[in-house]
Amino acid sequence: MQTIADLQSRFFRPGRIVWIGVRSARKAPMHGVQRVEIDETGLVGDHGQSAQRAVTLLQAEHLAVIEALCGKDIVVPELLRRNVLVAGINLNALRNRPIWLGTARLEITGPCAPCSRMEAALGEGGYSAMRGHGGWCARVIEPGIAAIGDQLVPAAAERPLGQADQAATHARDASVSVFRNPRARR
């Protein structure tokens, strides 16, 4: 018989980073980046964070809900002021569990409540539209690198390859394949 713990440890597939954003100061606009270093305090280049809120994450699947609740055709991640947008995995199910985000190990510590700026960004009702869909805060357990396309997986799993690791592995495997079979293509 399956226990609740067994069921809670299973995920359909790994999550994937689809957007990363940083801002240089508290009220500065968010800027999308392809890759970011994550140190003990959060994303390098992002303004100061607290230990429990070093990285903020949002599920891409919640964008459609926010759009519907605030009557917008499209809501872009920059408006919502979260650092990382991920798709394909339920962040709520990962609360208080260590995760790999690229090569950084984090722990989701709790919900990221919307701020009053959501009313200005999304229009009247924007704050209420974000309630329950505002994302999650995480603390850094182990620094690393995260890039668009990298995986987000529970830390119980083996550390996933980041893009830099994948590129090195691909280059190594390609040279081995060429050596073994000169006609091999990748």
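Contact means heavy atoms within 4.5 Å. The exercises below use this term on a predicted model, in which local features need pLDDT of at least 70, side-chain atom pairs count only at pLDDT 80 or more, and totals for chains, interfaces and linings use all residues. Residues are numbered from 1 along each chain as its sequence is written, and side-chain values use heavy atoms, with hydrogens and water left out.

**Exercise 1. The whole chain**

Task: State what share of the contacts with a separation of 6 or more comes from residues 24 or more positions apart, and describe the secondary structure and burial.

Solution.
Step 1. Residues 24 or more positions apart make up 72% of the contacts with a separation of 6 or more.
Step 2. Helices (H or I, at least four residues) and strands (E, at least two) are DSSP runs, numbered from the N terminus. The protein has six helices and 11 strands.
Step 3. Buried means under 20% relative accessible area, exposed over 50%, and partly exposed in between (1.4 Å probe, protein chains only). The protein has 186 residues, and 41% of them count as buried.

**Exercise 2. The nonpolar cores**

Task: Find which residues have the most contacts inside the largest nonpolar core, and which strands supply it.

Solution.
Step 1. A nonpolar core is a set of buried Ala, Val, Leu, Ile, Met, Phe, Trp, Tyr and Cys residues joined through side-chain atoms within 4.5 Å.
Step 2. The largest one has 24 residues, and Ile38, Val55, Leu57, Leu101, Leu106 and Leu152 have the most contacts inside it.
Step 3. Among the strands that each supply at least two residues of this core are strand 1 (15-22), strand 5 (55-59), strand 8 (104-111) and strand 9 (136-142).
Step 4. A second, separate core has 13 residues, including Trp19, Cys70, Val75 and Leu85.
Step 5. Leu106 touches, among others, Ile38, Val55, Leu101 and Ala138, when residues up to four places away in sequence are not counted.
Step 6. In soluble globular proteins, nonpolar side chains tend to be buried together.

**Exercise 3. Strand pairing**

Task: Give the order of the open sheet of three strands and say which strands stand at its edges.

Solution.
Step 1. Two strands pair if DSSP finds at least two bridges between them.
Step 2. The order is 4-3-10, with antiparallel pairing.
Step 3. Strand 4 (42-43) and strand 10 (144-147) are at the edges; each has a single partner strand, so one side of each has no neighbour in the sheet.
Step 4. Two bridges join strand 3 and strand 4 in the antiparallel sense, and Asp39 has Gly42 in strand 4 as its bridge partner.
Step 5. Elsewhere, strand 5 and strand 9 pair in the antiparallel sense over three bridges; Val55 has Ala138 in strand 9 as its bridge partner.

**Exercise 4. A salt bridge**

Task: Identify which side chains meet in a salt bridge, and state whether Glu107 is buried or exposed.

Solution.
Step 1. A salt bridge is a side-chain nitrogen of Lys or Arg within 4 Å of a carboxyl oxygen of Asp or Glu. By this rule the count is one.
Step 2. The side chains of Glu107 and Arg139 form it, at 2.7 Å from N to O.
Step 3. Glu107 is in strand 8 and Arg139 in strand 9, 32 residues apart, so the pair links distant parts of the chain.
Step 4. Strand 8 and strand 9 run antiparallel and are joined by six bridges, and Glu107 stands opposite Arg139.
Step 5. Glu107 counts as buried because its relative accessibility is 17%, whereas Arg139, at 28%, is partly exposed.
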